[in-house]
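Colleague: Could you take me through one part of this model slowly, the sheet in chain B and what sits around it? I'm still new to this, so plain words would help.

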Amino acid sequence: MVRFSGVFLHGISGALCSWEGARVDQVRTVVVDDSLLIRQGIVRLLDFDPGVAVVGEFDSPGQTLAAIDELEPDVVLTDIRMPPTHTDEGVVLANTLRERHPRLGVLVLSQHLTPEYAIGLLGHGSESRGYLLKDRLYDLEALSGALRTVAAGGCQIDPLVVEALTGGSRASALDVLTPREREILADIAGGANNQAIADRRVLTRRAVEKHASAIFQKLGLTEDGDANRRVRAVLIYLAEDAG
Amino acid sequence: MSDRRRTSAAIIAAGLLLSAGGIAATATSPYVHSAIYVMVVGLSILLPFAVAAELHVRYPGRVLAGLLVAVGCAYFVRSLAAIDSPITYAPARAIGQFGEPLLVWLMLAFPSGTLPRPWSRAIVVAGFLSIVLLWFPVIATSSSIPLSGAFSPCTSSCPANRWLVSSAPSTGEAFATVFRVCAAAIVLATAGILANRLWRASRVMRRVLAPVLVASIVRTVAVAAFVIVGSTATVRGLLVVAYLAVPLAIVVGLVRGRAYDAAALERLVRGLRARPGPEQLREVMAQALEDRTLEIAYWLPEAGAYAGSDGLPVAVGDGGSGRSVTTVMGGDGEPVAALSHDPALLDHPQLLEAVSSTAAIALETNRLETAVAAARAGTITAVDAERRRIERDLHDGTQQRLIALRMKLSVAERILGPDAGRAQSVLDELGGDIDSALREVRTVSHGIAPALLAERGLGDALADAARRAPIPVRVVGAPTRRYPQPIESAVYFCCLEALQNVAKHAGAGASADIALRCDDVALAFAVRDDGAGIDAGALRDGAGLSNIRSRVEELGGSATIERRPEGGTEVRGSIPLAA
């Protein structure tokens, strides 16, 4: 069970987030937030970590996208809620960057405890993506740790968000899975589709589908669409393994 | 005696006079030996005049009465062919034939008086042209004019043809054959158009049109038989019936229509006596007009727009929707309401007018209620907008400031480092205080207007609320589509309120279901629990349900609370969707 400790998933299972590239010496970071107060706070705090260099500051996603090629950052640290719609601009930015710069890490800052936003972020793949509550910004170790994880291709979701998803009542959810189902869930968490899992585990695609629906059933994920269920299953998996 | 009645009496008098003339002409004819024949001729002239007189009183300004008079005159002219004189014979045979296309015109123009589609017009024009271009040449070239119908009194040794230009028997016969085929085709096409109109007509229009269609079919059969079999006694009898059938059918159709109107108005008046609310009034009027798709939009003068009975604005006007709109005006010349209805009702303007003026007072009453509902809906919308504004202010202002403050504290701690000494414990406390403040602001902000509801809709927001609830909650049938913001807010807060009640009263080990159901008409919710249950009576008067009820009722919906027979409590509500 995850409590208030950070979840550093890349260290837990290689299957969770594809783990590519060498460790980055100094994480080149771009900070995007429409609030000057927050940007200043982040920059001043990160100043204490020699392993992180802030190479650019922006107050909107548009400017950020235009400057990526020139600045060559390892991570974009972005607020989720910015003008013009004040909803999920940060997630949209992350998804745009997924297409244009697949290797670039994105750490989304949010005040939303509700997991739906994190699910929206991971819907396009969990590698190089992180979701951190703004309340945790003051904690330099947590922040720079998350930046490093994401920069290195890992995936990190704020433990409070995962706890909100599991509702604290699914502590032993993974215990109900068979070893084979656990393996397949690990594959799903790694971003593999059913066909890829079938190839890897030497199963028919039909068998993988049956396992997957058994997993969703056992984890209580009965009502969402398939894509959404997969992401939720991954989040539960991450939370369980981290504890 | 009004002008209308005077004209009507004049029409009757003229009908009687011409009918008497026709009877005199046939009764004294050496070719006619049957009293029935004489009577039929008299009736065939009188009947169109009589119906014309009645139509002129009931529906003035329509060409139908004029057409009927013309038909009667044409029949009178034709009856003169019975006189044994070359002076009248040829003109009577030639001009009397115009009765046929006039009758076709009459049938196709019934009941509105206008010829609706290009096809109808073409058929009427073809009827007149066939006489001028085919029948007149027959007369000009035949020394003995061939039969054209049942009312050719003489079959042989008729009076001489004064209009003979030059005798060419084979040419005359050829023209006569083409003319008969043409006449048959026109009669057939007329029946076809009438059948098609009947098929597409509203129920009341069917009642009016059906007799005319029957008459038209009788005529079609008679004319077809005349063309194919020739002038046998049966065919002549059939033609006679057909001549009388059309004016009779018009009378029967109108009487049926009027009886229908009377019954509809009676139903309407009975329905209005029950002082119907907006939805019942719609039903009562829809029943009277036999148009289930009828919609009523009320005029709100302050807003300068129409609104549904829930007070929410609606668009009125065809806008390519294929619906017709009739505006009901009040005594002050301002619109009261707009009725959006089946265009078929336009064929029957009297009923539409009678129904809307009968219902005008009820409509006005409901319009005032609608204005109140609109004001109320406006209040809810304003409150919800205000809630979202506060939520945004908290998020963008207070929360950001607290987060920045927390970071500054962290920076301060790092600058002080090991030198902090005794200050360190104060710094730690300060950090904890800021964290608590942040948590509180977030909870308050979420309670005011959950960002999730505004941004992602009811399904996600309720799933989130279910997760936050202290008891296990299952959400069933959560919608994926979005609804108008006031409806989403109402359903969300009602479910939340109901869940709080469950958590308070249902006892340990209870769980709850939130079930949502939506169709085109309403969004319904039910919150059930399997707990110990509370006294429903106590709850009914409690603040929880009264909050739920007022939220739902403000949007024109309703809410109930009940003990479930199998234990636990169920709160249900339903909110109609604006059109």
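Modeller: Sure! One definition before we start: two strands pair if DSSP finds at least two bridges between them. Keep in mind, too, that this is a predicted model.

Now to the sheet. In chain B, 5 strands make up an open sheet, and reading across it you meet them in the order β5-β6-β7-β9-β8. The pairing is mixed. As a bit of background, strands of a sheet pair through backbone hydrogen bonds, either parallel or antiparallel.

Which strands stand at the edges? Those are β5 (473-476) and β8 (558-563) of chain B. Each has a single partner strand, so one side of each is left without a neighbour in the sheet. From one strand to the next, the twist averages 10°.

Let's zoom in on one pair. Strand β7 of chain B covers residues 522-529, and strand β9 of chain B covers residues 569-576. These two run antiparallel, and 7 bridges join them. If you'd like a spot to click on, try F525(B): standing opposite this residue, in β9(B), is G573(B).

The sheet has helices packed on it as well. One is α15 of chain B, residues 458-468, which touches β5 and β6 (512-518) of chain B. The direction of α15 makes about 165° with that of β5(B). Another is α16 of chain B, residues 485-505, which touches β5, β6, β7 and β9 of chain B. Here the direction of the helix makes about 10° with that of β7(B).

While you have chain B on screen, have a look at R275(B) too. This residue is found in the loop between α9 (233-273) and α10 (278-289) of chain B. Its phi is near 45°, a positive value in a residue other than glycine. Why point that out? Most residues other than glycine have a negative phi. Is R275(B) buried or exposed? It has 10 C-beta neighbours inside 10 Å, and 12 or fewer counts as exposed, so R275(B) is exposed.

Last, a word on how chain B meets its partner. In all, 25 residues of chain B are in contact with 22 residues of chain A. On the chain A side, helix α1 (residues 36-46) gives the most, with 5 residues. That side of chain A divides into 8 nonpolar, 8 polar and 6 charged residues.

Note on methods: Residues numbered from 1 in each chain as written. Chains lettered and ligands numbered in written order. Predicted model: local features only at pLDDT ≥ 70, side-chain atom pairs only at ≥ 80, totals over all residues. Helix = DSSP H or I, 4+ residues; strand = E, 2+ residues; numbered from the N terminus. Axes fitted to C-alpha atoms, helices over the stretch in contact; angles between N-to-C directions. Contact = placed C-beta atoms within 7 Å. Nonpolar A, V, L, I, M, F, W, Y, C, P; charged D, E, K, R; others polar. Buried ≥ 20, exposed ≤ 12 C-beta atoms within 10 Å, placed from the backbone.
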